[in-house]
Amino acid sequence: MRVLVVNAGSSTLKASLVEDETDATDGSVTVDWLAADDDADRVSAVLQEALARTDAADAADAVGYRVVHGGSRYTGPSRVDDPLLDEVERLDRLAPLHNRRAALVMRAAVDRLPDLPHVACFDTAFHATLPEAAWRYALPADWVEAHGIRRFGFHGLSVAWSVRRAAELLGRSVSELAIVVAHLGSGSSVTAVDGGRSAWTSMGYTPSEGLVMGTRSGSVDPGILVELVRSGVDVEALAEGLAERSGLLALGGTPSAQELQAAAEAGDARARLALDIYARSAAMAIAGAATALPRLDALVFTAGIGEHSAAIRGAIVGRLGALGFGADLRDADGDAVIAGGRPAVLVVEAREDVVIASEVAALLARPS
């Protein structure tokens, strides 16, 4: 089956045609979002631009979408229909950089490609296996029950591919591996995977918990947020500041790790500090994730920063000597084991599109 995979990320819209049996990709395009691209007409125009730059839609048998937050209702791939779209939009308040845009893209694509089956695949679904000790927050029970509060976890499609690919590179089966996956990009998270199942992950009820990110703060003392509200910062301003004006942007003046590295190499102390805080945040999350595993066989770096920044990988691994990591990492040109032994260190290209195509094909092959 040939699946047109549409990934509405926080900064770009990606579209590609993936053959689910071979993982081959054809006609991949990326279009940057603009500030106004939460408007339905603008989203439709961006989708049209992406489709116009590739003939993937004409060759597709189905369309699959990456959706960040599926809540408790959607724990596997699901056909796109009105109830699903309504729920994805409702969950936008928990994933404001992603869910509304994903829903708008799906609505536009269904209108443009009405004869194809459309399937949503959720980043949260991979983490449905989290044990209660990993997903439950130490909050009053009435809050938890009234608002459905739990750790959902994100980047699950990326993690699923990283685990599968790591097993291939290590010559072992997924079922026997205990792995930590560090998905480091504009959004960053760390996940412990035991035998192919999510055991712990740094993102929580929303994609804002955990590591320092491009524009997101990551975990902060909740007392800070209480004090800000008491001091007159309203809820909307608080949400906007945490999601869009924090993280590397707040620390170094830009959300781009690549720009920060260039500035740091030129002697910019603010950029060096931002990168140091980022590496500390990631290393602490990796060390914490390892406590959810019976042992640590490998650490996998993936996504934009994880794949392309040897300096940041080195800074993170350099802080993990207590877990048995050595300081020397080989350069990576594509998927590779960059440090052998146990734990091994790997770099894997993020391929959510392959996982989405596989999930779409599996769903559509089931008897109706």
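**Close-up views of a predicted model**

**View 1. The buried residues of helix 1.** In this predicted model, helix 1 buries Val43, Ser44, Val46, Leu47, Ala50 and Leu51. These residues lie on the same side of helix 1, because the arc they cover around the axis is only 160°. An α-helix has 3.6 residues a turn, so residues three or four places apart point the same way. On the face turned away from the buried side, helix 1 carries the exposed residues Asp41 and Ala52.

**View 2. The span of helix 1.** Helix 1 runs over residues 40–52, 13 residues in total. From its first C-alpha to its last it reaches 18 Å, close to the 18 Å expected at 1.5 Å a residue.

**View 3. The open sheet of six strands.** The strand order is 9-8-7-10-12-11, with mixed pairing. Strand 9 (197–201) and strand 11 (336–339) are the edges; each has a single partner strand, so one side of each has no neighbour in the sheet. On average, and with direction ignored, neighbouring strands of this sheet are turned by 30° against each other.

**View 4. The pairing of strand 7 with strand 10.** Strand 7 (residues 178–184) and strand 10 (residues 298–302) run parallel and are joined by five bridges. His183 is placed opposite Thr302 in strand 10.

**View 5. Helix 14 against the sheet strands.** Helix 14 (residues 310–317) lies across strand 7, strand 10, strand 11 and strand 12 (344–347). Relative to strand 10, helix 14 runs at about 150°.

How values were computed
Residues are numbered from 1 along each chain as its sequence is written. This is a predicted model: local features need pLDDT of at least 70, side-chain atom pairs count only at pLDDT 80 or more; totals for chains, interfaces and linings use all residues. Side-chain values use heavy atoms; hydrogens and water are left out. Two strands pair if DSSP finds at least two bridges between them. Helices (H or I, at least four residues) and strands (E, at least two) are DSSP runs, numbered from the N terminus. Axes are lines fitted to C-alpha atoms, for helices over the stretch in contact, and angles run from 0 to 180 degrees between N-to-C directions. Contact means heavy atoms within 4.5 Å. The expected span of a helix is 1.5 Å times one less than its number of residues. Buried means under 20% relative accessible area, exposed over 50%, partly exposed in between (1.4 Å probe, protein chains only). The arc is that of the directions from the helix axis to the C-beta atoms.
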